[in-house]
Amino acid sequence: LKNPDKYSPYSALADTSLSVRGGIWSLLRYSADQRGIPEKSTWYDLVNPKTDVSGIANLKAVFGSNFITTTMRNWTAANYMDDAGVPNTPAAFTHPSWNTRSVETFVNGTGGNPGTTFPLKTTPLLTAPVTATLADGGAAYLRFAVDAGKVGGATVKGPAALPSTFSIIVIRTK
């Protein structure tokens, strides 16, 4: 949550830090919740693949071929939207098993004191350009406001063609 642009559950395979493992757990927990079948079956299917696959191929075999383009994208949105108090939040943008915002706020305190701020890194879009560099599978959370009766806009460009798995989600919170 603190550096979603630099780390993703699948691009940092050599990184075994607690924060990356926490992201992996969160993605698996989210995916199991969204699958809509008894979770015992999900965990069984993950550790007993029907074919000789591992890694992303195993995740796609269990959660569907759209695991990267849809499941991860929705998980990324759920990391921001879950229990944020936004009316009519789509179920795909929630973590049904956990009140992630409450848990992460609490455990990210310091000095033995519970935290008071949700640790997800967000960047305000004001008037100056914002540069975001994303690791494969990383996410950037950019916030902006458009006054009533006004028009807003943004331009996304990369140093080269953007990969086919790149997507943008715009969520209205007010």
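**A surface patch and a pocket**

Let's start with one residue: Leu162 is partly exposed, with a relative accessible area of 41%. Keep in mind as you look that this is a predicted model. Along the chain, you will find Leu162 in the segment that follows strand 2 (142-143).

Leu162 also has company at the surface. Together with Leu134, Phe144, Val146, Val156, Phe166, Ile168 and Val170, Leu162 makes a nonpolar surface patch of about 720 Å². A residue needs over 30% relative accessible area to be part of a patch, and Leu162 has 41%.

Now pick out Leu134, one of the residues of that patch, and look from there to Ala57. In sequence the two are 77 residues apart, and in space their C-alpha atoms are 22 Å apart. Ala57 belongs to helix 3, which covers residues 55-63. Is Ala57 buried, exposed or partly exposed? With a relative accessible area of 38%, Ala57 is partly exposed, because that label covers values between 20% and 50%.

Let's turn from the surface patch to empty space. Rolling a probe the size of a water molecule over the atoms shows where such space is left. The second largest pocket holds about 580 Å³ of space. It is lined by 27 residues, and those closest to its centre are Leu1, Lys2, Ser19, Gly22 and Gly23.

Which helix gives the most to this lining? Helix 1 does, with 6 residues. Helix 1 (18-35), helix 4 (67-81) and helix 5 (100-107) each provide at least two lining residues. Sorted by class, the lining of the second largest pocket contains 13 polar, 11 nonpolar and 3 charged residues.

Conventions: Residues numbered from 1 in each chain as written. Predicted model: local features only at pLDDT ≥ 70, side-chain atom pairs only at ≥ 80, totals over all residues. Heavy atoms only, no water. 1 Å grid on protein atoms, 1.4 Å probe; cavity = no way out; pocket = protein on both sides within 12 Å on 5 of 7 lines; lining within 4 Å. Points joined across faces, edges and corners; volume = space filled by probe spheres on them. Helix = DSSP H or I, 4+ residues; strand = E, 2+ residues; numbered from the N terminus. Nonpolar A, V, L, I, M, F, W, Y, C, P; charged D, E, K, R; others polar. Patch = residues over 30% accessible without salt bridge, like charges linked within 9 Å, V, L, I, M, F, W, Y side chains within 5 Å. Areas by Shrake-Rupley, 256 points an atom, 1.4 Å probe, with all protein chains shown as cover. Salt bridge = Lys/Arg side-chain N within 4 Å of Asp/Glu carboxyl O. Buried < 20%, exposed > 50% of the residue type's maximum accessible area, 1.4 Å probe, protein only.
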